[in-house]
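Welcome! Take a moment to turn the model around on your screen, and then let us walk through it together.

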Amino acid sequence: SRIADFEPQNMANTVWAFATAGVAAETLFQAIAGATVNRIGDLNTQSMANTAWAFACAGWNERDLFTVLGSAMLGRFSELNDTQKSQLYLVTVYVQTEWPHLEFPLSAH
């Protein structure tokens, strides 16, 4: 199957599994990053938090994904549970470390 045809939760689970295992999969991550950006409105808060956390843990270096995820999560901040807020905090620290001059949407929240 094509990544774009995956359900959002399956994309999140896939990138989370590879990141947790420490397996580099550049092509897979690139495809999931693109599909995530294109389908951000389809992701629930758990998928958003898990995806952002996994890409940060993998050391993903394309900030557009983090900007899109951060903006989407900011818009749904009241829906986040404590675990998702913790993941978001860790992602925010990663983004601010990697791109100190980037105004990450969650930095001001």
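How many helices and how many strands does the secondary structure of the protein come to? The count is five helices and zero strands. If you follow the chain along its sequence, you meet the pattern α-α-α-α-α. Please keep in mind that you are looking at a predicted model.

Let us turn to the overall form. The C-alpha trace spans about 40 × 25 × 20 Å along its principal axes. A compact globule with 109 residues would have a radius of gyration near 13 Å, and because the protein has 13 Å, it agrees with that expectation. Buried residues make up 40% of the 109 residues. On the outside, the protein exposes about 5,900 Å², and carbon and sulfur atoms supply 50% of this area.

You can also ask which parts of the chain meet. Among the contacts with a separation of 6 or more, 71% are between residues 24 or more positions apart. As for charge, the protein has 5 positive and 10 negative charges, and their mean positions are 4 Å apart.

Now for the interior. In soluble globular proteins, nonpolar side chains tend to be buried together. Here, the largest nonpolar core has 28 residues, and F29, F55, W60, F66 and L69 touch the most other members. Which helices supply residues to this core? At least two residues come from each of α1 (8–21), α2 (26–38), α3 (45–57), α4 (63–75) and α5. The helix that gives the most is α3, with six residues.

Pick out L69, one of those core residues, and look around it. Leaving out residues up to four places away in sequence, L69 touches T36, I40, L43, M48, T51 and A52.

Three more residues show how the surroundings of a side chain can be described. Start with T45, which sits in helix α3. Is T45 buried or exposed? Its relative accessible area is 10%, and buried means under 20%, so T45 is buried. Apart from neighbours within four places in sequence, T45 is in contact with M73, R76, E79, L80 and Q84.

Next, find L28 in helix α2. Its relative accessibility is 21%, so L28 counts as partly exposed. With neighbours within four places in sequence set aside, the contacts of L28 are I3, T14 and F18. You can also locate L28 relative to M11: they are 17 residues apart in sequence, and their C-alpha atoms are 10.0 Å apart in space.

Finally, move to Y89, in helix α5 (residues 82–98). Exposed means over 50% relative accessible area, and Y89 has 56%, so this residue is exposed. How far apart are the C-alpha atoms of Y89 and T14? They are separated by 22 Å, with their positions 75 residues apart along the chain.

To look back over the three stops, T45 is buried, L28 is partly exposed and Y89 is exposed.

How values were computed. Residues are numbered from 1 along each chain as its sequence is written. This is a predicted model: local features need pLDDT of at least 70, side-chain atom pairs count only at pLDDT 80 or more; totals for chains, interfaces and linings use all residues. Side-chain values use heavy atoms; hydrogens and water are left out. Helices (H or I, at least four residues) and strands (E, at least two) are DSSP runs, numbered from the N terminus. The radius of gyration is taken over C-alpha atoms; the globule rule is 2.2 Å times the number of residues to the power 0.38. Buried means under 20% relative accessible area, exposed over 50%, partly exposed in between (1.4 Å probe, protein chains only). Contact means heavy atoms within 4.5 Å. Accessible areas come from the Shrake-Rupley method with a 1.4 Å probe; for residues, only the protein chains shown count as cover. Lys and Arg count as positive and Asp and Glu as negative; His and the chain ends are not counted. The place of a charge is taken as NZ of Lys, CZ of Arg, CG of Asp or CD of Glu. A nonpolar core is a set of buried Ala, Val, Leu, Ile, Met, Phe, Trp, Tyr and Cys residues joined through side-chain atoms within 4.5 Å.
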